Amino acid sequence: MRAAVFEKFQGPISVQQVTDPTPNIGGVVVKVKATGICRSDWHGWMGHDSDIELPHIPGHELAGTIEAIGKNVRNFKIGDRVTIPFVSGCGRCGQCLSGNHQICDHQSQPGFTHWGSFAEYVSLDYADINLVKIPNEIDEITASTLGCRFITAYRAIVAQGKVSGGQYVVIHGCGGVGLSAIMIANALGAQVIAIDINNDSLEFAKSLGAIATINGTKHSHLIEEIKSITHGGAHVSMDALGSTTTCFNSISSLRKQGKHLQVGLMTGDHINAKVPMGRIVADELEIIGSHGMQAFKYQEMLEMIKNGKLKPDKLIERTITLEEATHELPTMNSFKNKGVLVINSF
């Protein structure tokens, strides 16, 4: 099969012919119809993920059809249109048995723990636990955008943040996960404020429902500006980027008993971010991590997409080829795209 491969971290990515995958007894092989390019893939290419063994094929946001099936798979068949959350639970550990597959003790992640979806075919483990059938109303390109950024934003806003109508929600960082969070919070009736350093991204955020936007480079008193707009601070605030600055600002801009959602990955010098602990204690703030979403939780989200309350296809900037992806992935940290790129030509 054709696949995009890198043989050293931060090295060149090239399209190569590699051996087709085969399913394990509880897994499947999916013919990839579409796969998103995510900043998490960039983190993997940079070498920030210790699970990756070289040479490697990235890619974890995907949709396609089942091509081959392991003998122990019961709930799916060849030809089914499927997608999958980027964290695949084992179904047997204590976390999975409690319903928390997204923090499985033995999780697999395509594009990280094994070869991913920047390829014609991808092998997926624990199929009965993790695969999600794609409704007829949703095409593969749209479905491919769900498996990381969109589901992460959905669970963070709905399950972790428990956002409700009328609340002020502030999103720090208008990349894929931040824009998804804006759309989802707006659909729930929240009043959403978007923070970024790119005016085009902020204009896009407005089109997705943000009632106000702030360019962080043009406001020397950002926290005071947020508190003014929100009449005392955010009920819920999300760091969708993952930096010491966005994390600190998110927590600092909360009202009393507000919730900070950490979704953006912290790496390098940002991994041990400084936080305003005095405020966290005195104002009873909540600091909440959020990491993906379980497959069995997809149905409510898919219903919202089917009935038009959520429109993840609006986040797609353009579709590209596998060859183009080899040039786009290394530049993900430059934030030059305001929307999601999806590979649909292999």
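## Ile305 in helix α11

At a relative accessibility of 11%, Ile305 counts as buried, because buried means under 20% relative accessible area. This value, like the others in this report, was computed from a predicted model. Ile305 belongs to helix α11, which covers residues 298–306.

Setting aside residues up to four places away in sequence, Ile305 touches Ile138, Leu146, Leu310 and Pro312. One of these partners, Ile138, is 167 residues away from Ile305 along the chain, yet the C-alpha atoms of the two are separated by 8.1 Å. Another partner, Leu146, is one of the buried residues of helix α5.

## Helix α5

Helix α5 consists of residues 146–160. Twelve of its 15 residues are buried, so α5 is largely enclosed by the rest of the structure. The buried residues are Leu146, Gly147, Cys148, Arg149, Phe150, Ile151, Thr152, Ala153, Tyr154, Arg155, Ala156 and Ile157.

The end C-alpha atoms of α5 are only 18 Å apart, whereas a straight helix would reach 21 Å at 1.5 Å a residue. After α5 comes Lys162, which has a positive phi, near 50°.

## Ser180 in helix α6

Ser180 is part of helix α6, which runs over residues 176–187. With a relative accessibility of 1%, Ser180 counts as buried, because the limit for that class is under 20%.

When neighbours within four places in sequence are left aside, Ser180 is in contact with Arg149, Phe150, Ala153 and Leu315. Of these partners, Arg149, Phe150 and Ala153 are among the buried residues of α5. Helix α5 therefore supplies contacts to Ser180 through Arg149, Phe150 and Ala153, and to Ile305 through Leu146.

## The protein as a whole

The contacts described above belong to a protein with twelve helices and 15 strands. Among contacts between residues at least 6 apart in sequence, 71% join residues at least 24 apart. Buried residues make up 55% of the 346 residues.

For 346 residues, a compact globule would have a radius of gyration near 20 Å, and the protein agrees with this because its own value is 20 Å. Along the principal axes, the C-alpha trace spans about 55 × 40 × 35 Å.

## Surface and charge

The protein exposes about 14,300 Å², and carbon and sulfur atoms supply 50% of this area. There are 30 positive and 33 negative charges, and the mean positions of the two groups are 5 Å apart.

Key: Residues are numbered from 1 along each chain as its sequence is written. This is a predicted model: local features need pLDDT of at least 70, side-chain atom pairs count only at pLDDT 80 or more; totals for chains, interfaces and linings use all residues. Side-chain values use heavy atoms; hydrogens and water are left out. Helices (H or I, at least four residues) and strands (E, at least two) are DSSP runs, numbered from the N terminus. The radius of gyration is taken over C-alpha atoms; the globule rule is 2.2 Å times the number of residues to the power 0.38. Buried means under 20% relative accessible area, exposed over 50%, partly exposed in between (1.4 Å probe, protein chains only). Contact means heavy atoms within 4.5 Å. Accessible areas come from the Shrake-Rupley method with a 1.4 Å probe; for residues, only the protein chains shown count as cover. Lys and Arg count as positive and Asp and Glu as negative; His and the chain ends are not counted. The place of a charge is taken as NZ of Lys, CZ of Arg, CG of Asp or CD of Glu. The expected span of a helix is 1.5 Å times one less than its number of residues.
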